[in-house]
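Open the model in your viewer and get ready to select residues by number. We will take the tour one stop at a time.

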Amino acid sequence: MTTWVPASCTLPTMEKPLRVAEFDALFAERPAGSAWPDRTDRLRLEVALTGGEGVEDRVRDLVARESGCCSFFTFTVVPGPERIRLVIEVDAAHEAVLDALQERATAAGRDLP
C-alpha cells in the first residue's frame, strides 16, 4: 500500500483504503480488451474501460477526487461509445505509484474472458 498511496497524498488516512477500493472496483467491473492496461511509457498508463450508462461520470468523479489529494497525477478521460480510455500520467518522482496502480489494474483484469 505504501507505493500506491505515497506520503504526498493529502487524503485523510482513514479514507485511503476506500479510494484504493474504488479504483479496484472500477478496474474489476469495467475492463475492456485483452491488452489491458497498456503502459505506453514509464510515466504513462492507459486503461480501457467498457462504457455504459453513468460510467464516464463515475470515472470523471473518481479521478477528480484523486487529483484533489494527489496532485502529481494527470488524468485524461477519453470518452467513446463503447469504451472509455483513462490515461494516467505521473512525474518521475511518482513512477513507483504508477507501477503499483498498473499492478492493481492488471490483477483486477486477470479474469477477463
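The tour goes through the sheet, then the helices. Keep in mind that this is a predicted model.

**Stop 1: the hairpin**

Select residues 38-41, which are strand β1, and residues 44-50, which are strand β2. The two strands run antiparallel, and 2 bridges join them. How many residues lie between β1 and β2 in the hairpin? There are 2. Now pick out D41. Its bridge partner in β2 is R44.

**Stop 2: across to β4**

Keep β2 on screen and add strand β4, residues 83-89. This pair is antiparallel too, and 7 bridges hold the count here. Click on L45, then look across to β4. The residue opposite L45 is I88.

**Stop 3: the whole sheet**

Show all 4 strands together. What is their order in the open sheet? Reading across, the order is β1-β2-β4-β3, with antiparallel pairing. Colour β1 and β3 (74-78): these are the edge strands, and each pairs on one side only. Then turn the sheet to look along it. From one strand to the next, the twist averages 25°. Strands of a sheet pair through backbone hydrogen bonds, so switch those on if your viewer can draw them.

**Stop 4: the helix on the sheet**

Select helix α2, residues 55-69. Which strands does α2 touch as it packs on the sheet? They are β2, β3 and β4. Compare directions as well: α2 makes about 170° with β3.

**Stop 5: two helices together**

Leave α2 in place and add helix α1, residues 16-29. Two packed helices are described by the angle between their axes and the distance between the axes. Here the axes of α1 and α2 come within 11 Å and cross at roughly 150°. That angle is over 145 degrees, so α1 counts as roughly antiparallel to α2. The crossing is left-handed.

Now show side chains where the helices meet. On α1, select R19, E22, F23, A25, L26 and E29. On α2, select R58, V59, L62, R65, E66 and C69. What kinds of residue make up this contact of α1 with α2? The residues divide into 6 nonpolar and 6 charged, with no polar ones.

**Stop 6: A28 and A105**

Stay on α1 and select A28. Why does A28 count as partly exposed? Its relative accessibility is 44%, and partly exposed covers values between 20% and 50%. Finally, select A105. Along the chain, A28 and A105 are 77 residues apart. In space, 7.6 Å separates their C-alpha atoms.

Notes
Residues numbered from 1 in each chain as written. Predicted model: local features only at pLDDT ≥ 70, side-chain atom pairs only at ≥ 80, totals over all residues. Heavy atoms only, no water. Pairing = 2+ DSSP bridges. Axes fitted to C-alpha atoms, helices over the stretch in contact; angles between N-to-C directions. Contact = heavy atoms within 4.5 Å. Buried < 20%, exposed > 50% of the residue type's maximum accessible area, 1.4 Å probe, protein only. Parallel < 35°, antiparallel > 145°, perpendicular 65-115°, else oblique. Left-handed = near helix turned anticlockwise from the far one by under 90°. Nonpolar A, V, L, I, M, F, W, Y, C, P; charged D, E, K, R; others polar.
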